[in-house]
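Reader: I am a first-year student, and I should be grateful for a close look at one part of this structure. Please explain each term as it arises.

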Amino acid sequence: AMLTFFQNFRKVYVGEQAMHSSKVYTRLSEKLGLQDHLMVLNVTVTKLLTNLKVFATCEEVISMTLNLFQDLAAGYMSGKLLLKIDTINFMLTNHSQEHFPFMQEYCNTRNRTTFYFTLGRLLFMEDTPGQFKAFMSPFDSIMQQLSSFAGDPNSFRSDAVKAAIIGIMRDLRGIAMATNSRKTYGLLFDWIYPKHFPIILRAVEVWTDVPQVTTPVLKFVSEFVLNKTQRLTFECSSPNGILLFREVSKIIVAYGNRILQMTSVSDAYTQKYKGIWICLSMLTRALGGNYVNFGVFELYGDPALQDALNIAIKMGLSIPLNDVLGYRKVGKAYFALLDVLCSNHASFVASQDLATFKLMLSSLEAGLKSLDVSISSQCASAIDSFAGYYFNQTTKGEPPSQAAQNMASHLTAEPNLLPEILKTLFEIILFEDCSNQWSLSRPILSLILINEQFYTTLKMQITSSLPSDKQQKLLGCFDKLMTDVSRTLEPRNRDRFTQNLTVFRHDFRTKN
């Protein structure tokens, strides 16, 4: 009840939108001697600190306490005010388990991330590298202790090491979430690389079969490689982006090779799928972060990129398609990776064997039918990138690249792959209520241009499947679809086709 009161009081009377001259402070001054925001914040923070120390075993109280603490630190003005309070400065210099016993309770492991996310926000509000070094010193001690056990697998599998890994990974993830600028991210990067990454890799290698350990480890790395607010921007002469991706590759390969060997599990999602989708998400973030020149790996014979892509595809395809579509987080991670691969690494997609190539495209077709709009849009984007790449490669008037030749070979062996996708897209556009019509329209033009002969056949197939009274109407709509549309994928031409498709859908679905 007290936390709810403090939370509602904060929303109205503390922070950016609060009225400084509010009459409530006059009454608080008269009755309680609390004259301004700072004094009220001091009382609030004192209560929060008491909760964190006294109610260590009550997860609900700890969670509500940390959520209020996070909300107070989220605002610029309230955050600056917090830094003037002695209690907050004490927390920034004394934040270990000895001072906050709630961190020792397993039920609070998730709350540790929120706690350090909030402390990180406050820490990074001021430009003090020296303070950051002091803040990280307890983590240095824990990492050194873990390093002393890393050489012996039996010692590294102890309960004490397990608890230490889970705790520090959750803590570091919170700090990583708080780094929103190039400078603050650089501080954390310099602290963790290269000194501490071997411990992270070792944890994945030794604890692969224990998701309570691997989940926080993989989630930390996934957060660490996310280029939000352009925080991962290195100097043009810096190799840090490449070095970071090599570490990511090692972790994905280590986890993937071991998790694929686990064939019989009691809970497939918890023990396998969850770790796999986090790895896929991690790789997608690294591939799409724009801080790595991936051409360097092939140029210098470094297998890091190829190894990561190969094991990621194996992990993704090891999950039955029904499960990919059934578990939302798995599906979002899987299709996001395929989208990035088709957009930026089409040659890798083309280099796969026929069975793998067919599985990838078939899963994209299934994803188009997903009720989750974000998934169907990602699948449409991936198909558009793939079909656009193939069309541009085969019509540029030069000998096609090796990737285009591989694609042609696969499509010759499986001639129905792309036509089935085009048929699915038209059926969704014509007969279903889709809120992402624009996204679904983009790959249609690419697929039509690749195989115009099939498009003619498809028109007749769809039309003949309708009642006779609607057939002529649909044929008339089809006749107008390609009006003023040329055989190119130039942006203006694509936009014209999208407009035509909107009219096509509207005219067909409108009752005369």
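Author: The account below begins with the whole chain, turns to one group of helices and the loops beside them, and ends with some residues elsewhere.

This is a predicted model, in which local features need pLDDT of at least 70 and side-chain atom pairs count only at pLDDT 80 or more, while totals for chains, interfaces and linings use all residues. Residues are numbered from 1 along each chain as its sequence is written, and side-chain values use heavy atoms, with hydrogens and water left out.

The chain contains 28 helices and zero strands. Helices (H or I, at least four residues) and strands (E, at least two) are DSSP runs, numbered from the N terminus. Along the principal axes, the C-alpha atoms of the chain fill a box of roughly 80 × 60 × 50 Å. Of the 512 residues in the chain, 51% are buried. Here, buried means under 20% relative accessible area, exposed means over 50%, and partly exposed lies in between, with a 1.4 Å probe and protein chains only. A contact means heavy atoms within 4.5 Å. Among the contacts in the chain with a separation of 6 or more, 72% are between residues 24 or more positions apart.

The part chosen for the close look is helix α13, together with some of its surroundings. Helix α13 spans residues 211-224. The expected span of a helix is 1.5 Å times one less than its number of residues. For the 14 residues of α13 this gives 20 Å, and the end C-alpha atoms are 19 Å apart, which agrees. Helix α13 is mostly covered, with 12 of its 14 residues buried. Among these buried residues are Pro-211, Val-213, Leu-218, Phe-220, Glu-223 and Phe-224. The cover over the buried residues of α13 includes α10 (159-178), α11, α12, α14 and α15.

One of these covering helices, α15, occupies residues 268-287; its 20 residues should span 28 Å, and its end C-alpha atoms are 27 Å apart, which agrees. Helix α15 also has a kink of about 25 degrees, centred on Lys-274. The bend at a residue is the angle between axes fitted to the seven residues ending there and the seven starting there. Because 16 of the 20 residues of α15 are buried, this helix is largely enclosed by the rest of the structure.

In the loop between α14 and α15 lies Val-265. With a relative accessible area of 24%, Val-265 is partly exposed. Not counting residues up to four places away in sequence, Val-265 touches Gln-271 and Lys-272. Val-265 and Asp-209 are 56 residues apart in sequence, and their C-alpha atoms are 9.9 Å apart in space.

Another covering helix, α11, meets α8 (residues 129-150): their axes come within 11 Å and cross at roughly 35 degrees. Axes are lines fitted to C-alpha atoms, for helices over the stretch in contact, and angles run from 0 to 180 degrees between N-to-C directions. The crossing of α8 and α11 is right-handed. A crossing is right-handed if the near helix is turned clockwise from the far one by less than a right angle, and left-handed if anticlockwise. On the α8 side the contact is made by Pro-129, Phe-132, Met-136, Phe-139, Asp-140 and Met-143, and on the α11 side by Leu-187, Leu-188 and Trp-191. By class, this contact has eight nonpolar, no polar and one charged residues. Ala, Val, Leu, Ile, Met, Phe, Trp, Tyr, Cys and Pro count as nonpolar, Asp, Glu, Lys and Arg as charged, and the others, Gly among them, as polar.

Some backbone details also deserve attention. Most residues other than glycine have a negative phi, and most peptide bonds are trans. A cis peptide bond, with omega of about 0 degrees, joins Tyr-193 and Pro-194. Pro-194 is in the loop between α11 (182-192) and α12 (197-206). Gln-230, in the loop between α13 and α14 (240-259), has a positive phi near 55 degrees. Gln-230 is exposed, at 52% relative accessible area.

Farther along the sequence, Asp-484 has a positive phi of about 65 degrees although it is not a glycine. Asp-484 lies in the loop between α27 (468-481) and α28 (491-509) and is exposed, at 62% relative accessibility. Finally, Val-61 belongs to helix α4 (residues 59-74). The C-alpha atoms of Val-61 and Thr-214 are separated by 27 Å, and these residues are 153 apart along the chain.
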